[in-house]
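This report describes one protein model for a reader who is new to structural work. The sequence and the structure are shown first, and the description follows.

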Amino acid sequence: MPAPAGKPPRKTPPAIAYSYLRYSSPAQSDGDSVRRQTALRDSWLSRNPHVRLDSALKMEDRGVSGFRGEHRTNRKHALSQFMDEVERGRVPGGSYLIVENLDRLTREDPETSIPLVLNLIRSGVRIVQLVPAEMVYEPGMDFGRLMMMLWELARGHGESKRKSGLVGAAWGEKKRAARERHVPHGKAVPAWLELSDGEYRIRPEVGRTVRAIYRMAADGMGNIAIAQRLAAEGVAPVGRTGVWNKGYVNRLLTSRSVLGEYQPMTGPRGRRVPDGDAIEGYFPRLIDDALWAKVQATRGRRSHPGSRRPRSRHTLAGLVVDARTSSPMYVHKHQRVGPVFVSRDAYERRPGAPWETFPVGVLTDEILKWLAELRADELFDDPGAAKVSELTAKLADVELRLAKAREGYDADPENQTWSHMIDRYDRGRRKLVADLTAARAEAANPLSASWAEAVELMRQKEPERLRAALNRTVEEIRVLIVGRPMGKLAAAQVRFRGGGQRDYLVCRYYRHRSVPKEQHVPVRSWSFADAGAGPLDLRDPAEVAELEKFLAAADVDELERHLDGETGKPVKRAK
């Protein structure tokens, strides 16, 4: 039936596609794997214009094996996060998941891989396989495609199992020959060695450098100081990174290979463990036992609790950048304050990077407080964003009520009230999921839906899922920390994917002994836009220097009045 006069026909919204890339070895990042997978995906999208790629959800598992299933079970990996989104109904039905081949999704045994793929399809996800034959695995597919899917899953697992067996057998033979006859196992040896004419020899220049590193360590120098001196003296870097850094210096100073020992290892990458005892006299000895013992004793005196940078997975991990140096912010464990942000360059004592810190919890809480008030339609040019935000909030509320009703039913299954509540909330949840799917499909910008979800996760206080949502919508957070006698100031510029930005100032006040504890206000924060400040660009070193000069010299009481809008004047920055 033709559309009524005066009303244009309603356009069918494009289907949403998600792209998943994975490769097993970190060395493949320099090869052709990513380029090939990306080119195949883009070619398929160009031939299917009715499908729109969700570029906000970056799904890449780099250097992650699909044979043991860690990419599927570990929440830090992209596939695990995507499966969680599917399970929660956040991925619209009818969406496409594009992979080069099914073995990118999994190379696990068929008992595990088949339910994984079938559960995705049952949830309404259409899986697009690009090679060896282009195929779409979807609900209601014919018997031929089903058999092709099963064959590809079995083939991927069989190939990985065969390679694992071959590699394991080959390395087993190499280790046996190394133990019994000290036969060289190959060229994968410490950087100060080389394989020449069937035996290992010390590379003269590199050997002298490593010995010098041990002498510096024996004199009490730390890893950072050693790396700085080597760089300043123009000593050629050792190792594959091409630069001197404290991590590689530490590796050299803790490897017993300099004593001629070879320790065979076994296990998957990242979880390697010793395979038997070390083989003494396998490599040429580089230093003597006395120097080794002196270095280890000196390092033992230097080490203390909290001396190493903790591996923190805070909510803003991967986003916070130092405005002065454009280097990432590390989390350092301060003995009195607790975890604090500090520039990587400052942590490694690089010139021009002052040691300025700010508490992680304070900065994170204040930034999230402001971000939680932002609507998707304010950040992204998308008329449908408001509806997505509204439905996302309603869905989160219903899911919370449903969870509480299920807890009540588990505690008192005889009470029919809980059963009726579960049925009612479940019907409401399914309707909201359908409405939200339609709203997301109609939204012009996929970032809108991701931001609406991020705001809801801020309210629910789910750091793991919130971190993933923020990484999909926020490009970076540049932070300028300025120390003052009254406390610390942190200017934070949040830059969103798509071009938007918000600027905030967070102040952490020290408490003077004359101020009662109950009257002390430890933290305040403001929005630069609310204070009438002009636009900032903390990517520009000149603007960073200008803002730093202003914050270091400004009268704090006057600054507060400006930021609170009490003076009616915009904030003036120093010239």
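## A strand pair and its surroundings

Isoleucine 481 has alanine 490, in strand β16, as its bridge partner. The model discussed here is a predicted one. This pair of residues belongs to a longer ladder, for β15 and strand β16 (residues 487-496) run antiparallel and are joined by 10 bridges. The connection between β15 and β16 is a hairpin of two residues. Strands of a sheet pair through backbone hydrogen bonds, in either a parallel or an antiparallel sense.

Strand β15 also pairs with β11. Three bridges link strand β11 (residues 320-322) to β15, and these two strands run parallel. Within that pairing, valine 320 has isoleucine 477 of β15 as its bridge partner.

The table lists three strand pairings of the model.

| Strands | Direction | Bridges |
|---|---|---|
| β15 and β16 | antiparallel | 10 bridges |
| β11 and β15 | parallel | three bridges |
| β13 and β14 | antiparallel | two bridges |

Is strand β15 mostly covered or mostly uncovered? Nine of the 11 residues of β15 (residues 474-484) are buried, and the strand is thus mostly covered. Helix α17 (residues 463-473) is largely enclosed by the rest of the structure, because eight of its 11 residues are buried. Among these buried residues of α17 are Arg465, Arg467 and Arg472, together with Leu466 and Leu470.

## An open sheet

Strands β12, β13 and β14 form an open sheet of three strands in the order β12-β13-β14, with antiparallel pairing. β12 (329-334) and β14 (358-359) are the edge strands, each with a single partner, so one side of each has no neighbour in the sheet. Strand β13 (residues 338-343) pairs with β14 over two bridges. Phenylalanine 341 stands opposite phenylalanine 358 in β14.

## An enclosed space

Rolling a probe the size of a water molecule over the atoms shows where empty space is left. How many cavities of 30 Å³ or more does a search of the whole structure find? The search finds five such cavities. The second largest cavity holds about 70 Å³ of space.

Isoleucine 481, whose bridge partner in β16 is alanine 490, is one of the residues that line this second largest cavity. The lining also includes Asp322, Met329, Val342, Ser343, Trp355 and Glu356. By character, the lining residues of the second largest cavity divide into seven nonpolar, two polar and three charged.

## A residue in strand β3

Glutamate 60 is found in strand β3 (residues 59-62). Is glutamate 60 buried or partly exposed? Glutamate 60 has a relative accessibility of 26% and therefore counts as partly exposed, since the buried class ends at under 20% and the exposed class begins at over 50%. Leaving aside residues up to four places away in sequence, glutamate 60 touches Leu21 and Ala78. Glutamate 60 and alanine 78 are 18 residues apart along the chain, and their C-alpha atoms are separated by 6.0 Å.

## The protein as a whole

The protein contains 19 helices and 18 strands. Of its 575 residues, 44% are buried. The accessible surface comes to about 30400 Å², and carbon and sulfur atoms account for 51% of that surface. Among contacts between residues at least 6 apart in sequence, 60% join residues at least 24 apart.

Notes: Residues numbered from 1 in each chain as written. Predicted model: local features only at pLDDT ≥ 70, side-chain atom pairs only at ≥ 80, totals over all residues. Heavy atoms only, no water. 1 Å grid on protein atoms, 1.4 Å probe; cavity = no way out; pocket = protein on both sides within 12 Å on 5 of 7 lines; lining within 4 Å. Points joined across faces, edges and corners; volume = space filled by probe spheres on them. Nonpolar A, V, L, I, M, F, W, Y, C, P; charged D, E, K, R; others polar. Pairing = 2+ DSSP bridges. Helix = DSSP H or I, 4+ residues; strand = E, 2+ residues; numbered from the N terminus. Buried < 20%, exposed > 50% of the residue type's maximum accessible area, 1.4 Å probe, protein only. Contact = heavy atoms within 4.5 Å. Areas by Shrake-Rupley, 256 points an atom, 1.4 Å probe, with all protein chains shown as cover.
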